[in-house]
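Visitor: Hey, can you walk me through this one? I'm new to looking at protein structures.
Guide: Sure, let's put it up on the screen.

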Amino acid sequence: MLAMPASAQTVLKWAHVYESSEPYHTCAVEASDRLKAATEDRYAIEVFPASSLGKEVDINEGLGLGTVDIIYTGQLFAGRAYGPIAIGGAPYMFRDYDHWDKYRNSDLFAELSAGYEEATGNHITSLTYYGERHVTSNKEIQQPSDMEGLKIRVPNAPLYMMFPKAVGANPTPIAFAEVYLALQQGTVDAQENPLPTIQAKKFYEVQDYITLTGHITDALLTIVGGPTWSSMDEADREALETVLDETAACATQQIIDQEKELVQWFRDEGVTVNEPDRTPFREATMKLHNSEDATWDQETYDRLQSIE
């Protein structure tokens, strides 16, 4: 008779493009022990930060190939595979954080997640607050016309170009890991990200101004690859889903806390932080919400806007 081990531990690979100092990473690292406890050591997690397993496009593709098991990704990257899920990452789609939070827990988000799973085979478990995206630049911006012709780096997903297009800027897709160098060398004049990311990636070292446009209330999807999800039994799936939801809550709260403190922190570092009237930026952008660039239908848009 062969002596078989009581349990063969599987280590899931969790890939993302963020720094190891950021809450997305530190909260994910903590998830491993919780998953081990919940699955009686059948599953653990190893987290790979800072694009170490590939750029955002690569890790999205890796889910279906089985080269990664879990990823954080922007909604607009997931939207490449299933357009409607991108609506949550579109500019000025939400009135405020509360609107976003209600969307995260809505039937609409559950339906969009199911549509993504049907299209890709991959399973969305959670939505983590990424922060309000703001513009950093080497020229002062107070109104949309100040962005005319501005060469601004955006992530490599088409909908990230909606806001720059609306204000007459020139969106330039560059991979996340290459942004600091592109700003330093003047390949682009500006970029846009939440304050915690601007701090973690040290973009403020090579940019003079931060303009609090708040043009995207952004979030990261946590997605488990289809091959991994389908190989797990129901109890282990439930355990993983719970742990990943807890991880999303952990990172979300830390990002909220950081956002409150960082405006003053940047000012103390000598960066000029401007708080313009967002209304003209919002009005210019909302005209494009259901244009040819939209990857959702009018009904989905109306349902999101009607969430109270």
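**A loop, a helix, a strand and a pocket**

Guide: Let's start with Asn-105, which sits in the loop between α4 (97–104) and α5 (107–120). Keep in mind that this is a predicted model.

Visitor: Okay. Is Asn-105 buried or exposed?
Guide: Asn-105 counts as exposed, because its relative accessibility is 60% and the cut-off for exposed is over 50%.

Visitor: What does its side chain reach?
Guide: The side chain of Asn-105 reaches the backbone oxygen of Asp-101, at 3.0 Å. Also, Asn-105 and Leu-127 are 22 residues apart in sequence, with 9.3 Å between their C-alphas.

Visitor: Switching topic: how many residues does helix α1 have?
Guide: Helix α1 runs over residues 23–38, so that's 16 residues by the usual count. From first C-alpha to last, α1 reaches 22 Å, close to the 22 Å expected at 1.5 Å a residue.

Visitor: Which residues of α1 are buried?
Guide: Pro-23, Tyr-24, His-25, Cys-27, Ala-28, Ala-31, Ser-32 and Leu-35 are buried.

Visitor: Why would buried spots in a helix come three or four places apart?
Guide: An α-helix has 3.6 residues a turn, so residues three or four places apart point the same way.

Visitor: And what covers the buried residues of α1?
Guide: The cover includes β1 (10–15), β2 (43–48), β3 (70–74), β4, β8 and α10 (234–268).

Visitor: What about Ala-37, buried or exposed?
Guide: Ala-37 is found in α1 too, and it counts as exposed because its relative accessible area is 62%. Ala-37 and Ala-239 are 202 residues apart in sequence, yet 9.5 Å apart in space, C-alpha to C-alpha. Just after α1, Glu-40 takes a positive phi of about 50°.

Visitor: Where is His-123?
Guide: His-123 is in strand β4. His-123 counts as buried because its relative accessibility is 12%, and buried means under 20%.

Visitor: Which residues is His-123 in contact with?
Guide: Leaving aside neighbours within four places in sequence, His-123 is in contact with Glu-117, Thr-222, Ile-223, Val-224, Trp-229 and Glu-241. With Glu-117, the side chains are joined by a polar contact of 2.8 Å.

Visitor: Last thing: what volume does the largest pocket have?
Guide: The largest pocket has a volume of about 250 Å³. It is lined by 21 residues, and the closest to its centre are Glu-56, Phe-77, Arg-153, Pro-155 and Phe-176.

Visitor: How do the lining residues divide?
Guide: They divide into 12 nonpolar, four polar and five charged. α2 (56–65), β4 (123–137) and β8 (209–224) each supply at least two residues of that lining.

Terms used
Residues are numbered from 1 along each chain as its sequence is written. This is a predicted model: local features need pLDDT of at least 70, side-chain atom pairs count only at pLDDT 80 or more; totals for chains, interfaces and linings use all residues. Side-chain values use heavy atoms; hydrogens and water are left out. On a 1 Å grid over the protein atoms alone, a cavity is a set of points where a 1.4 Å probe fits but cannot get out, and a pocket is an open set with protein on both sides within 12 Å along at least five of seven lines; lining residues have an atom within 4 Å of a point. Grid points are joined across faces, edges and corners, and a volume is the space filled by probe spheres set on the points. Helices (H or I, at least four residues) and strands (E, at least two) are DSSP runs, numbered from the N terminus. Ala, Val, Leu, Ile, Met, Phe, Trp, Tyr, Cys and Pro count as nonpolar, Asp, Glu, Lys and Arg as charged, and the others, Gly among them, as polar. The expected span of a helix is 1.5 Å times one less than its number of residues. Buried means under 20% relative accessible area, exposed over 50%, partly exposed in between (1.4 Å probe, protein chains only). Contact means heavy atoms within 4.5 Å. A polar contact is a pair of N or O atoms within 3.5 Å; within protein, one must be able to donate a hydrogen and the other to accept it, and residues adjacent in sequence count only if both atoms are side-chain atoms.
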